[in-house]
Amino acid sequence: MSNYRVWAPYAAEVELLTGDPASPEHSAMTAVEGGWFEADRKMTVGERYAFRMRATAGHGAPQQDDADADGSDGSGTTTAADPVGDWTIPLPDPRSRRQPDGPHGFSEVVDLDAHDWRSADWTGRILPGGLVYELHVGTYADSGDFAGVVKRLDHLVDLGVTHVELMPVQPFGGDRNWGYDGVSWHAVHEGYGGPAGLQKLVDACHERGLAVILDVVFNHFGPDGNYVGFFGPYTSGGETGWGEVVNLTGPDSDEVRAYILDAVRMWLVDYRIDGLRLDAVHALHDEGAFHILEQMQVVADTVAAQTGVPRSLIAESDQNDPKLVRPRAAGGYGLAAQWDDDVHHALHTVVSGEDHAYYSDFGTVETLAQTLREAFHHAGTMSTFRGRVHGRPLDLSVQPLSAFVTYTTTHDQTGNRAVGDRPSMNLTPAKQALKAAVIACSPFTPMLFQGEEWGASTPFAFFCSHESDLLLRLTREGRIREFSRAGWNPEDIADPADPQTFEMSKLKWDELADAPHTGLLDAYRTLFGLRRTRPALGSPWADSVATKVEGRTLLLTRSADGDVVHLAANFSDEPAEVSVDAGYDELLHTHPDAPAALGDGVVTLPAWGYAVLG
């Protein structure tokens, strides 16, 4: 292994601390090129280590920011303690691969090449034509760790899932968190099983034919255990809403970009992750000619070429900007996909009737039909919620609709509600199945959120366990302010710091044996199974997508390779008839709680019913 090194341009002197954290050995480090310091000591697997330093003039200890909590990820910029005399406290390595005692403790040297991969013959999966399943490690599995997820993988295989998407697993303060408060971007939360546990989970997924997508956050550092401000300009001032803006184009930003790109390469190579979901990329303030997202894609393409295994990058963006997924040759960043909230909003409002906050521009079947054809509702059009023109249209000649990931719900759309209530807690099984039918028959890449396939009765609320009373208070107050602006009753808001908020968000797997959960699960299996057997639904490059709206009914027609499939859907409390082309007389699927009847060129739908015709 190489010698211990750390990038610390803010430091005048740096010491390496090794061994027992209670009484470590101190070794001086030598300043080398570009703000780096190096020790005359080789890294040893299993050795505990940290750094401490004397700061140069003008670079003292970062202070806690009392900014508002963001409503989902905490508040502030750093919780680093004051320096002890002229020296800082022992600080974990920003490039640490393991934090056995959490983000505040000593780092530990780990050999990521030591894992004996059982799935060495894994050839990967492309994203188009797949089915993604988003899960939170701490609440999905009975034991709340990677090993528990492994025990539930067969359920996903049986469901037809092709890609398992893990919410962030980087270290965070305490033992309960969504993961978007990560601070050590090269490490894995120890409570989930640490680096070895993640490698075992990826191995187990690959053995079952499942690709793995990891949610990563590069747009801000979490507030609990954030010590990077001691070392150098990882942030550049200004607020994203969750923390300080990451320094991507300011002085010394080359090393910050390298820190991010090395993390991307590490996940794809050392952990054999098949893809990364990039959180809130609109908060990446990059003014450079070579955008960090395009650089990430170059890394992914390089790893794919070297390994022969495809690697996919998926963006979450609030901008409705097709540039993210436009091919690099056509002037885009070339990412594999991006999340598409407009489809979710259109479907959610039509079925639930909610029209507050960012749902206000949605709510009609015509709007739903538009998003199914064009991906975006706001495509250079007025957004009344934002009070301005928003988004831009797609050019479908250079980017297929399968480049957009769509869903009936996500961790955000469930968890960023006052009590974290799922659609299953407010909708009938028939309405839930209707929403699933739209997503299953859509031209996009579908994604499920843990438990929706059986209508889980448990909520998924926002929770955290920051190791600071100040941060907990700010987060709690921030949630109240955010939801009050959206019209929620403050008394209904789940306390994110209450352990019960976390406990009640865990899935109850014994529900799978009971009605109506079993009926909904059967519907999900059938609907998403059709994507594997019918080219019109499963082909990422469908020949056409057509919609017809009459009243509160929608007829969605998909075709590819000579195959044609209709989805007839009724979004009303009254029965309705939908005319279909003659010759399509096979009823592929209808929900047993709201069965459809097929006549001569007409399908009769009950309230909130649907029929898939072939």
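Two strands pair if DSSP finds at least two bridges between them. The legends below refer to a predicted model.

**View 1. Strands β2 and β3 of the predicted model form a hairpin.** Between the two strands lie 6 residues. Gly19, in the turn, has a positive phi of about 95 degrees. Strand β2 covers residues 11–18, and β3 covers residues 25–31. The two run antiparallel and are joined by 4 bridges. Leu16 of the hairpin has Ser27 in β3 standing opposite.

**View 2. Strand β2 pairs with β5 in the antiparallel sense.** The pairing extends over 7 bridges, with β5 formed by residues 48–55. One residue pair to locate in this view is Leu17 with its bridge partner in β5, Ala50. Strand β2 is mostly covered, with 6 of its 8 residues buried. Buried here means a relative accessible area under 20%.

**View 3. An open sheet is made of 6 strands.** The order across the sheet is β1-β4-β3-β2-β5-β6, with antiparallel pairing. Strands β1 (3–7) and β6 (107–108) stand at the edges; each has a single partner strand, so one side of each is left without a neighbour in the sheet. Strands of a sheet pair through backbone hydrogen bonds, either parallel or antiparallel.

**View 4. At one edge of the sheet, β6 pairs with β5.** This antiparallel pairing has 2 bridges. Arg48 has Glu108 in β6 as its bridge partner.

**View 5. The largest cavity encloses about 100 Å³ of space.** The structure holds 5 cavities of 30 Å³ or more. Rolling a probe the size of a water molecule over the atoms shows where empty space is left. The lining of the largest cavity consists of 13 residues. Those nearest the centre of this cavity are Thr408, Pro423, Ser424, Gln432 and Glu452. By class, the lining residues divide into 6 polar, 4 nonpolar and 3 charged.

**View 6. The second largest cavity has a volume of about 70 Å³.** Its lining includes the prolines Pro92, Pro94 and Pro103, together with Asp93. Val183 and Ser184 also line this cavity, as do Gly225, Asn226, Tyr227 and Val228. Phe231 and Tyr259 belong to the lining too. The lining of the second largest cavity has 8 nonpolar, 3 polar and 1 charged residues.

Note on methods
Residues numbered from 1 in each chain as written. Predicted model: local features only at pLDDT ≥ 70, side-chain atom pairs only at ≥ 80, totals over all residues. Heavy atoms only, no water. Buried < 20%, exposed > 50% of the residue type's maximum accessible area, 1.4 Å probe, protein only. 1 Å grid on protein atoms, 1.4 Å probe; cavity = no way out; pocket = protein on both sides within 12 Å on 5 of 7 lines; lining within 4 Å. Points joined across faces, edges and corners; volume = space filled by probe spheres on them. Nonpolar A, V, L, I, M, F, W, Y, C, P; charged D, E, K, R; others polar.
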